[in-house]
Amino acid sequence: MYKRIRGRLQTFVPAYAVIPLFSCLAFNCLIYFGTGWITEGWRKFDFTTAFDRMVPLLPAFVAVYLGCYVFWAVNYILIARVGKEYCMRFVTADLMSRLVCAVFFLLLPTTNVRPGLTGGGFWSGMLGMVWQIDSPSNLFPSIHCLISWFCYIGLRGRKEVPRWYRGMSLVLAILVFVSTQVTKQHYIADVIGGVVIAEVCFYIGFHTEWYRSLTKIFDRITGYFSRKADPADEMRK
């Protein structure tokens, strides 16, 4: 049963990418929630500008804000499927960007003041639920915008992926940017910070050899779990 499940999974996610992609998810959660726990009660800075005050509140965009998780999953898998070296360079850039985020979250903790939700309706209720679950902290840079931009630049110029989908990824990333603004989850500085950090880390990941050390670590972990999954293969050796 396990072999069948693993075989089906690997038709979508290459074996070399399973542990690295899972590590990206786990590290992201560790950084976001860990730094949030550490800075709870600290003095926080508000980067609200005149532009931010002019942006209207549009609760329906919470659908984009929440729906982008599907966009992230699909694009990270597509990026991983380009090739092992490409995947490892991308994962290196992704993990590096979270370290940069952690520095900002700890040294420059941020917050904002959300407006009141007036009226009812489904989307207002959904946005209110998001606000209740997700406290206004760890705003700069916006991880939502950072990951969405990674989803685009990871496929940018890759002929293995149809041009129409690369274009759609850019549109979806921009829609996520808009959603962070009109749901008052982030301000414009957070968007800019997310994009800049994504671009810088992506450049470093693809113009250095740092990925090689991570590749060795991930290969060992992947090999360990493969041996655990197929003890008969290990005995035959």
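This passage walks through a predicted model, from its confidence to its core, one of its helices, its loops and its salt bridges.

The model is a prediction, and confidence is a good place to begin. Across the chain the mean pLDDT is 92, and 92% of the residues reach 70 or more. Residues 232-237 are a stretch where the pLDDT falls below 50, and beyond near neighbours in sequence this stretch has one contact in the model.

The interior comes next. The largest nonpolar core holds 48 residues, and within this core Trp149 and Phe150 touch the most other members. Two or more residues come from each of the elements α2, α4, α5, α7, α8, α9 and α10. Helix α5 gives the most to this core, with eleven residues. Another core lies apart from the one just described; it has five residues, among them Val62, Tyr65, Leu127 and Trp131.

A helpful guide to the interior is helix α7, which spans residues 143-153 and has eleven of its eleven residues buried. The buried residues of α7 include Ile143 and His144, as well as Trp149, Phe150 and Ile153. What do the buried residues of α7 pack against? Their partners are α2 (15-38), α4 (62-80), α5 (84-107), α8 (163-182) and α9 (188-207). Phe150 shows this packing at the level of a single residue. Leaving aside neighbours within four places in sequence, Phe150 is in contact with Tyr76, Ile79, Phe90, Ala93, Asp94, Ser97, Arg98, Ala198, Cys201 and Phe202. Two residues of that list, Asp94 and Arg98, return below as a salt-bridged pair. At the start of α7, a side-chain oxygen of Ser142 comes to within 3.4 Å of the backbone nitrogen of His144.

The loop that leads into α7 is worth a pause. Pro141 lies in this loop, between α6 (122-133) and α7. A cis peptide bond joins Phe140 to Pro141, with an omega of about -5 degrees. Asn138 is found in the loop between α6 and α7 too. Although Asn138 is not a glycine, its phi is positive, at about 50 degrees. Is Asn138 buried or exposed? With a relative accessibility of 3%, Asn138 counts as buried because the cut-off for that class is under 20%. A positive phi also appears at Lys184, about 60 degrees, and Lys184 is not a glycine either. Lys184 sits in the loop between α8 and α9. With a relative accessible area of 8%, Lys184 is buried.

Charged residues add another layer to the picture. How many salt bridges does a search of the whole structure find? The search finds seven. In one of them, Lys84 pairs with Asp219, and the closest N and O atoms are 2.9 Å apart. Lys84 belongs to helix α5 and Asp219 to helix α10 (residues 211-229), so this pair ties together parts that lie 135 residues apart in sequence. Lys84 is partly exposed, at 33% relative accessibility. Asp219 is likewise partly exposed, with a relative accessible area of 33%.

Helix α5 also holds pairs of its own. Glu85 and Arg89 meet through their side chains in a salt bridge, at 3.0 Å from N to O. Both residues lie in helix α5, four residues apart, which is about one turn of the helix. Glu85 is partly exposed, with a relative accessible area of 42%, whereas Arg89 counts as buried at 9%. This pair is part of a network of salt bridges that links Glu85, Arg89, Glu209 and Arg212.

Further along the helix, the side chains of Asp94 and Arg98 form a salt bridge of 3.2 Å from N to O. Asp94 and Arg98 are four residues apart in helix α5, so about one helical turn separates them. An α-helix has 3.6 residues a turn, so residues three or four places apart point the same way. Asp94 is buried, at 0% relative accessibility, and Arg98 is buried as well, with a relative accessible area of 2%. Both residues of this buried pair are also among the contacts of Phe150, a residue of helix α7.

Key. Residues numbered from 1 in each chain as written. Predicted model: local features only at pLDDT ≥ 70, side-chain atom pairs only at ≥ 80, totals over all residues. Heavy atoms only, no water. Buried < 20%, exposed > 50% of the residue type's maximum accessible area, 1.4 Å probe, protein only. Contact = heavy atoms within 4.5 Å. Polar contact = N/O pair within 3.5 Å; in protein donor to acceptor, adjacent residues only side chain to side chain. pLDDT = per-residue confidence, 0-100. Salt bridge = Lys/Arg side-chain N within 4 Å of Asp/Glu carboxyl O. Core = buried A, V, L, I, M, F, W, Y, C linked by side-chain atoms within 4.5 Å.
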